[in-house]
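I opened this notebook to record what I looked up in the structure below. The entries follow the sequence of my questions.

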Amino acid sequence: MVNITFHDQPEKCRALWQENFPETCFFDLWSTRSAFRDGFQRPWLFLEARQAGRCVGVLPLAWIEEENYFGYFPGETWSGKTWIEQNRIPASSPEVVEALLAAVPGPCRLRYLQDDRQLPAHDLTTDEINYSL
């Protein structure tokens with residue numbers, strides 16, 4: 001059974017990011033994401049999936065009030081849409097990703113997700129440069 005916990009405390013969100021997101025590009029750096037978060041001041045909500053006492057998935061979100069939806073953290077926007085690339089949902093299985101997505105407490109638009117075998121294919125579209133939306 002997967003248990004989902006919600007976090008909005010800065011230190012816990014930072015720790016979840018740094019423990020679960022490998023630094024493979026500029027947008028993976030906490031300092032990059034937090035700089036945009038500081039600029040846009042979006043309320044954040046990190047969803048943590050736990051199973052057998054350990055973290056098995058993380059979905060980092062930000063509430064985009066003027067559009068009335070959750071977007072991928074940090075919720076930076078241009079013309080009403082987020083634009084930071086290289087987003088991912090680290091999870092141990094597609095079922096964990098499904099549980100995280102099902103737990104989002106409102107409308108959600110996730111853009112520029114890296115193609116990953118963990119993503120639920122039935123809900124995805126692909127953009128012009130092969131990102132999952």
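Entry 1. I began with a single pair of residues: Ile 64 stands opposite Tyr 69 in β4. The model I am reading is predicted.

Entry 2. I then looked up the two strands around that pair. Strand β3 covers residues 54–64 and strand β4 covers residues 69–72. They pair in the antiparallel sense, over 4 bridges. The hairpin of β3 and β4 has 4 residues between the strands, and in this hairpin Asn 68 takes a positive phi near 60°.

Entry 3. Next I asked in which sense, parallel or antiparallel, β4 pairs with strand β5. I found the parallel sense, over 2 bridges, with β5 formed by residues 108–109. I noted the bridge partners by name: Phe 70 has Cys 108 as its partner in β5, and Gly 71 has Arg 109. I also traced how the chain gets from β4 to β5: it crosses through helix α3, residues 94–103, and this β-α-β crossover is right-handed.

Entry 4. I turned to the sheet as a whole. I found 5 strands in an open sheet, in the order β1-β2-β3-β4-β5, with mixed pairing. Which strands stand at the edges? They are β1 (3–7) and β5; each has a single partner strand, so one side of each is left without a neighbour in the sheet. As background, I reminded myself that strands of a sheet pair through backbone hydrogen bonds, either parallel or antiparallel.

Entry 5. I listed the elements along the chain. The protein has 3 helices and 5 strands, and along the sequence I read the pattern β-α-α-β-β-β-α-β.

Entry 6. I examined helix α1, residues 10–20, for buried positions. Its buried residues are Cys 13, Ala 15, Leu 16 and Trp 17. I looked up what these residues pack against, and found β1, α2 (30–40), β2, β3 and β4.

Entry 7. I checked the cysteines. How many disulfides does the model contain? The count comes to 0, where a disulfide would require a pair of cysteine sulfur atoms within 2.5 Å. I then looked up the accessibility of two cysteines. Buried means under 20% relative accessible area and exposed means over 50%. Cys 55, at 22% relative accessibility, therefore counts as partly exposed. Cys 108, the bridge partner of Phe 70, is also partly exposed, because its relative accessible area is 29%.

Entry 8. I followed the chain into the segment after β5, where Leu 110 is found. Is Leu 110 buried or exposed? Leu 110 is buried, because its relative accessible area is 12%. I also looked up its separation from Lys 81, which lies 29 residues away along the chain: the C-alpha atoms of the two are separated by 9.7 Å.

Entry 9. I closed with totals for the protein. Of its 133 residues, 45% are buried. The accessible surface comes to about 7100 Å², and carbon and sulfur atoms hold 50% of that surface. Among contacts with a separation of 6 or more, 58% are between residues 24 or more positions apart.

How values were computed:
Residues numbered from 1 in each chain as written. Predicted model: local features only at pLDDT ≥ 70, side-chain atom pairs only at ≥ 80, totals over all residues. Heavy atoms only, no water. Pairing = 2+ DSSP bridges. Right-handed = clockwise from strand over helix to strand, strands pointing away. Buried < 20%, exposed > 50% of the residue type's maximum accessible area, 1.4 Å probe, protein only. Contact = heavy atoms within 4.5 Å. Areas by Shrake-Rupley, 256 points an atom, 1.4 Å probe, with all protein chains shown as cover.
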